[in-house]
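User: I am new to this structure and would like a close look at one part of it. Please take one helix as the starting point and then describe what surrounds it.

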Amino acid sequence: MTSTTATQDDPAGAHSTLVRKSLHDEALVTGWRPLTDNCQMVAARWPTRHRFYVERGRYTPLIVTESLRQALALLTHTAHGIPLSHRLGWEHLRTAVSPGALEVGPEPAEVELTVRHTEVTRRRLGSVHLASRIEATRSGVLLGTATVRYSTHPPVIYDRLRGPYADAQAAFARALPLTAPVPASLVGRGRERDVVLSPTAEPHRWRLRVDTAHRVLFDHPHDHIPGMVLLEAACQAAQAVTAPRPVMPVALDTTFTRYVEFDRSCHVTARELTGPGDDGRVAVDAHQGDRLVFSGTVTTRPRP
């Protein structure tokens, strides 16, 4: 694999910067190489033990999403030459994962992501809109697929979009106090610290639990709640609404409608879809006040 701008003496540090991680050991990608003008191969390595992405001897499905998130960030700043000062944001994400490829082995998992950008549209004032298709394999076996639509904005445009929330340090500091978690077993987690839902008085409705001290989900200050937190909330809500049946998410089809702010409560609702062909599918919505901020469908299978 071709190294990116990583230096010989600190490749992990350079990669973590490019994939927007401040903790070096949270950088899953290890390098990349071009295949064609609009297609690249990105290598990733998954550790055999991880404080968030390994549960009960298996990788959680969202480690695939985190890997592709890092891969897209890396390629945005290298293959596409978009400055690090630009801010990236997802608009739509669709993923499917093969559960059989998520077993943790005796050695770190070597993963390859083939990323094909089907659209790269550069706007006059510097914003870029991108669409990509990703295929992930592990030791030659298909691990998962994804399509992503996302955008990048230069600081002058992003600051205008975010208004009073543009300063990440200030926005992060305004986070509401941490709320109590639902039982970890209800949402398929083994540790309370990894729960991102808090109970409410209404069935199948939870408050988003935002633990800014969580070193994986919030390893540096953000100006809004990251998309990975919303995806984890959707997966946990899908498990909670199907309880006591233990399930795991194998596919996501999600839309990010608005930025989710730290200084206001966000509520997540879920309902099982019961129409023809809807077995194992859960609709999830998130609102801040009366505004829809995130929506999607989670497809589940019985947990191994």
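How many of the residues of α5 are buried?

Analyst: In α5, 16 of 16 residues are buried, so the helix is mostly covered (buried is under 20% relative accessible area, exposed over 50%, partly exposed in between, with a 1.4 Å probe and protein chains only). This is a predicted model, in which local features need pLDDT of at least 70 and side-chain atom pairs count only at pLDDT 80 or more, while totals for chains, interfaces and linings use all residues. Residues are numbered from 1 along each chain as its sequence is written, and side-chain values use heavy atoms, with hydrogens and water left out.

The helix α5 spans residues 227-242 (helices are DSSP runs of H or I with at least four residues, strands are runs of E with at least two, and both are numbered from the N terminus). From its first C-alpha to its last, α5 reaches 23 Å, close to the 22 Å expected for its 16 residues at 1.5 Å a residue (the expected span is 1.5 Å times one less than the number of residues). In the loop between α5 and β11 (247-256) lies Pro244, which is joined to Ala243 by a cis peptide bond with omega of about 10°.

The largest nonpolar core has 79 residues (such a core is a set of buried Ala, Val, Leu, Ile, Met, Phe, Trp, Tyr and Cys residues joined through side-chain atoms within 4.5 Å). Val42, Trp46, Leu113, Leu208, Leu231 and Val268 touch the most other members of it. The element that gives the most to this core is α5, with 11 residues.

The strand that follows the loop, β11, belongs to an open sheet of 12 strands with antiparallel pairing (two strands pair if DSSP finds at least two bridges between them). Their order is β1-β2-β6-β7-β8-β5-β11-β14-β13-β12-β10-β9. The edges are β1 (29-36) and β9 (197-199), each with a single partner strand, so one side of each has no neighbour in the sheet. On average, neighbouring strands are turned by 30° against each other, direction ignored (axes are lines fitted to C-alpha atoms, for helices over the stretch in contact, and angles between N-to-C directions run from 0 to 180 degrees). Another helix, α2 (residues 62-77), packs on the sheet and touches several strands, including β1, β2 and β11 (contact means heavy atoms within 4.5 Å). The direction of α2 makes about 140° with that of β5.

At one edge, β9 pairs with β10 (residues 205-208) in the antiparallel sense over three bridges. Leu208 in β10 is the bridge partner of Leu197, and Leu208 is also among the core residues that touch the most other members.

Leu113 is another of those core residues. Apart from neighbours within four places in sequence, the contacts of Leu113 include Gln40, Val42, Leu68 and Ile134. Gln40 lies in strand β2 and counts as buried because its relative accessible area is 2%. With the same exclusion of sequence neighbours, Gln40 is in contact with Trp32, Leu75 and His117, among others.

For contrast, Ser139 lies in the loop between β7 (128-138) and β8 (141-153). At 70% relative accessibility, Ser139 counts as exposed. Its phi is near 55°, a positive value in a residue other than glycine.
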